[in-house]
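Let's take a walk through this model together, from its enclosed spaces out to its sheets and helices. Keep the viewer open as you read.

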Amino acid sequence: MKYKLTLAAALLSATFFASGASAKTFVYCSEGSPEGFDPGIYTAGTTFDASAHPIYNRLLEFKSGTTQPEAGLAQSWEISADGTVYTFKLRPNVKFQTTDFFKPTRNLNADDVVFSIGRQIDEKNAWNKYISGATWEYADGMGFPKLIKSIEKVDDLTVKVTLNRPEAPFLANLAMPFASIVSKEYADSLDKAGKKEQLNQMPVGTGPFTFVGYQQDAVIRFKKNADFWGTAPKIDDLVFAITTDAAVRYQKLKAGECHLMPYPNAADVKAMKADPSLQVLEQEGLNVAYLAYNTTKAPFDKLEVRKALNKAINKKAIVDSVFQGMATPAVNPIPPTMWSYSKATQDDTYDLEAAKKMLADAGVKDLSMKVWAMPVSRPYMLNARRAAEIIQDDFAKIGVKVEIVSFEWAEYLQRSKDKNRDGAAIMGWTGDNGDPDNFLDTLLGCDAVGGNNRAQWCNKEFDALVKKAKVVSDLAERTKLYEQAQAIFKKDAPWATIDHSLSVVPMRKGVTGFTQSPLGDFTFEAVDIAQ
């Protein structure tokens, strides 16, 4: 379904807040296009902002502005003494959205929960491969198929999940976007009509906004969900004006064509703060940017080569050029603001002569390689092309020739996880649940190889530590295990860690109710605009 209103007309509606019209339209100048609208099969924040957050809910939600899980579609839950059985009581009278393409005949019930999770963990489920080539990257990478023994309907408002082992971050994981609850009734109707793929194109959920339509790479439109079970949104219409260039987003923000934008160019932030028509929020991001080597491909399968390349990267130059100082060079794969961050880790020193010698000792000369540069701005990497150019210059100084490559964002994400990918890819991550597991296992665990683990790195000792940390409830013991894992990571160097950045959000002065998320989410159910 295409949204046929022109982009200009959609943006014109943004002037409603100044004209005194009764309807309130909020325009968000988003940085990229969503890959689809079924959160279960994706991992990108851009996609979650356009799908999981406005359209869907989860059993648990993160309390606004925190990483603390709280009741969502589940109003309460009980956990067995051995930590393996979770019984969730669902909210009564939660309605699915009514759209032009689907009218629900019943409220949310346990069937929807069983369907939403079950399709991700059971290869025999009829919906497990409903999108050609797509995988349940989050569920697989976090080991859900092995973790969840069963998910059962007890009655219409009760769901029981039995695990094969205790899992300390399990509740937080269920608050993440991939665990969004979709309508089984809607899915069944699409299956009957032979239109399964429509679940990923024309979504139906229980969230604060109802999907209206999407014009690819241009605009997404939502309207307030009149049947929302929670606090009703204060705005009537929500428009995502897809604007990939940060400078153009800034111009639209200054002109009043959008109310809020993500990921500004670092060089523009000072002027934004001085502009009386704007307000700027900022906080330390729960993030990391990194260069992932394909550790299964020569010569990057040699530790000495990876270490040599790491020594050749001037991370301070990247921070200064790309972030204008609004970031810090990264040492560990988790940010310093996260519990269990290891202060004992020693970073690779910037040493070109040592890097040259290490390559020579490894028998590598005249190396040519590709460095992949993300095509979109993210909080952890505002300008991957510029970062890649700096890396290209650095590697040239040690005799390594670099070709910079890039692709459209969805294609970049797909190609970069290929086990046969060549070279090294600039990637990054903003934590989804505030737990170190969401970085260390999700991005570097053996289960994530071929998915979120872009380095294709499977270190059994590292993997055993992070897997053990999942089942331990004592925070101090989990911290020790994660500190040991970070030491192994740094020694084996599957990545060059690049930076941790500040999260900066500029918006119009009349915007209220927006709260920065430590998880990097952009959600608008609580926003309001002056009229």
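The residues that line the largest cavity divide into 13 nonpolar, 6 polar and 5 charged. This is a predicted model, and the cavity in question has a volume of about 270 Å³. To find it in your viewer, centre on Thr43, Ala44, Gly45, Arg378 and Thr430, which are the closest to the cavity centre among its 24 lining residues. Which elements give two or more residues to this lining? They are helix H3 (45-50), helix H16 (409-416) and strand E16 (424-430). Of these, E16 gives the most, with 4 residues.

The structure holds 8 cavities of 30 Å³ or more, so let us visit one more of them. The second largest cavity has a volume of about 110 Å³. It is lined by 15 residues, and Ser503, Ser517, Gly520, Asp521 and Phe522 are the ones closest to its centre. By class, the lining of this second largest cavity has 7 nonpolar, 7 polar and 1 charged residue.

Now for a space that is open. The largest pocket has a volume of about 740 Å³. Its lining counts 33 residues, with Glu61, Phe62, Ser64, Thr523 and Glu525 nearest the centre. Two elements each give two or more residues to that lining: strand E2 (60-62) and strand E3 (69-71). Sorted by class, the pocket lining has 14 nonpolar, 11 polar and 8 charged residues.

Let's turn to the sheets. Strands of a sheet pair through backbone hydrogen bonds, either parallel or antiparallel. One open sheet of 4 strands has the order E4-E5-E7-E6, and its pairing is antiparallel. Why do E4 and E6 each have a side without a neighbour in the sheet? Strand E4 (74-79) and strand E6 (148-155) stand at the edges with a single partner strand each, so one side of each is left without a neighbour there. On average, neighbouring strands of this sheet are turned by 20° against each other, direction ignored. E6 is joined by 6 bridges to strand E7 (residues 158-163), and the two run antiparallel. Within E7, Val161 is the residue that Ile151 stands opposite.

A helix packs on this sheet: H5 touches strand E5 (85-90), E6 and E7, and its direction makes about 165° with that of E6. H5 (residues 110-121) also meets helix H9 (residues 184-193), where the two axes come within 8 Å and cross at roughly 65°. Asp111, Asp112 and Phe115 of H5 make this contact with Lys184, Glu185 and Ala187 of H9. By class, the contact has 2 nonpolar, no polar and 4 charged residues.

Another open sheet of 4 strands has the order E1-E10-E9-E8, this time with mixed pairing. Its edge strands are strand E1 (25-28) and strand E8 (209-215), each of which pairs on one side only. Here, too, neighbouring strands are turned by 20° against each other on average, direction ignored. E8 pairs with strand E9 (residues 219-224) in the antiparallel sense over 6 bridges, and Phe209 stands opposite Lys224 in E9.

How confident is the predictor in what we have just toured? The protein chain averages a pLDDT of 94, and 96% of the residues score at least 70. Over residues 1-20, however, the pLDDT is below 50, and this stretch has 41 contacts in the model beyond near neighbours in sequence.

Key
Residues numbered from 1 in each chain as written. Predicted model: local features only at pLDDT ≥ 70, side-chain atom pairs only at ≥ 80, totals over all residues. Heavy atoms only, no water. 1 Å grid on protein atoms, 1.4 Å probe; cavity = no way out; pocket = protein on both sides within 12 Å on 5 of 7 lines; lining within 4 Å. Points joined across faces, edges and corners; volume = space filled by probe spheres on them. Nonpolar A, V, L, I, M, F, W, Y, C, P; charged D, E, K, R; others polar. pLDDT = per-residue confidence, 0-100. Contact = heavy atoms within 4.5 Å. Pairing = 2+ DSSP bridges. Axes fitted to C-alpha atoms, helices over the stretch in contact; angles between N-to-C directions.
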